[in-house]
Amino acid sequence: MTKLIRAMAKPGFSWPICHEAKAGEPGRQEYADCPEGSKVGYSERGKEGNRRVPDQCVKTVNVCKSRFNGQADKNGLTIPVRRAGRDSDNGSDSCTKEISSMRPRRADPWYFDIPNDQGVKQRHWFNLNL
């Protein structure tokens, strides 16, 4: 690994490719997937509004509560109550809020996609840190 990392630092380095494995060059994904129910978000924007690094997980939650505090009506049904008014400028419900958290980083951010015996590519993760 030490030799490989030294070679990578030199100008003109290109990954050695094993044509027999049909793996090609490695890929890199620094961040892990966001938890289910969340989507990828960005903490910063660059020039001209371009997004920079996908380092956030964003989840939309309903922050409104029933006026009955979970109590049932006479028919046994809980009645959710929408807060008065909608945000008329953008049509969004005032009961929703986006909560963001830091997106987890992968311990092994590098990968090769290598076909198995049936020809289906499988991802194999690795790390170059010593």
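**Two open sheets and a buried glutamine**

In this predicted model, three strands come together as an open sheet in the order β2-β3-β4, and their pairing is antiparallel. Strands β2 and β4 (96-102) lie at the edges with a single partner strand each, so one side of each has no neighbour in the sheet. From one strand to the next, the twist averages 40 degrees. It helps to recall how such an arrangement is held together: the strands of a sheet pair through backbone hydrogen bonds, in either a parallel or an antiparallel way.

The pairing of β2 with β3 can be followed residue by residue. These two strands run antiparallel and are joined by 3 bridges. Within this pairing, V40 stands opposite C57 in β3.

Strand β3 covers residues 56-62, and Q56 belongs to it. Is Q56 buried or exposed? Its relative accessibility is 9%, and because the cut-off for buried is under 20%, Q56 counts as buried. The side chain of Q56 also has a polar partner: a polar contact of 3.4 Å links it to the side chain of S100. Beyond its neighbours within four places in sequence, Q56 is in contact with a set of residues that includes K39, V40 and G41, as well as S100, S101 and M102. Strand β2 spans residues 39-41, while β4 spans 96-102, so a look at these contacts on the structure leads from Q56 to both edge strands of the sheet. Other contacts of Q56 include C34, Y42, S43 and R103.

A second open sheet is also present. Its 3 strands follow the order β1-β5-β6, again with antiparallel pairing. The edge strands here are β1 (27-28) and β6 (121-126), each of which pairs on one side only. Strand β5, made of residues 110-115, pairs with β6 in the antiparallel sense over 6 bridges. One place to find this pairing on the structure is W110, which stands opposite F126 in β6.

How far can the details be trusted? The protein chain has an average pLDDT of 75, and 70% of the residues score at least 70. Among the elements of the chain, strand β2 has the highest mean pLDDT, at 91, whereas helix α1 (residues 2-9) has the lowest, at 75. Over residues 78-88, pLDDT stays under 50, and the model has 23 contacts beyond four places in sequence for this stretch. Where pLDDT is low, the predicted coordinates should not be read in detail.

Terms used
Residues are numbered from 1 along each chain as its sequence is written. This is a predicted model: local features need pLDDT of at least 70, side-chain atom pairs count only at pLDDT 80 or more; totals for chains, interfaces and linings use all residues. Side-chain values use heavy atoms; hydrogens and water are left out. Helices (H or I, at least four residues) and strands (E, at least two) are DSSP runs, numbered from the N terminus. Buried means under 20% relative accessible area, exposed over 50%, partly exposed in between (1.4 Å probe, protein chains only). A polar contact is a pair of N or O atoms within 3.5 Å; within protein, one must be able to donate a hydrogen and the other to accept it, and residues adjacent in sequence count only if both atoms are side-chain atoms. Contact means heavy atoms within 4.5 Å. Two strands pair if DSSP finds at least two bridges between them. pLDDT is the predictor's confidence in each residue, from 0 to 100. Axes are lines fitted to C-alpha atoms, for helices over the stretch in contact, and angles run from 0 to 180 degrees between N-to-C directions.
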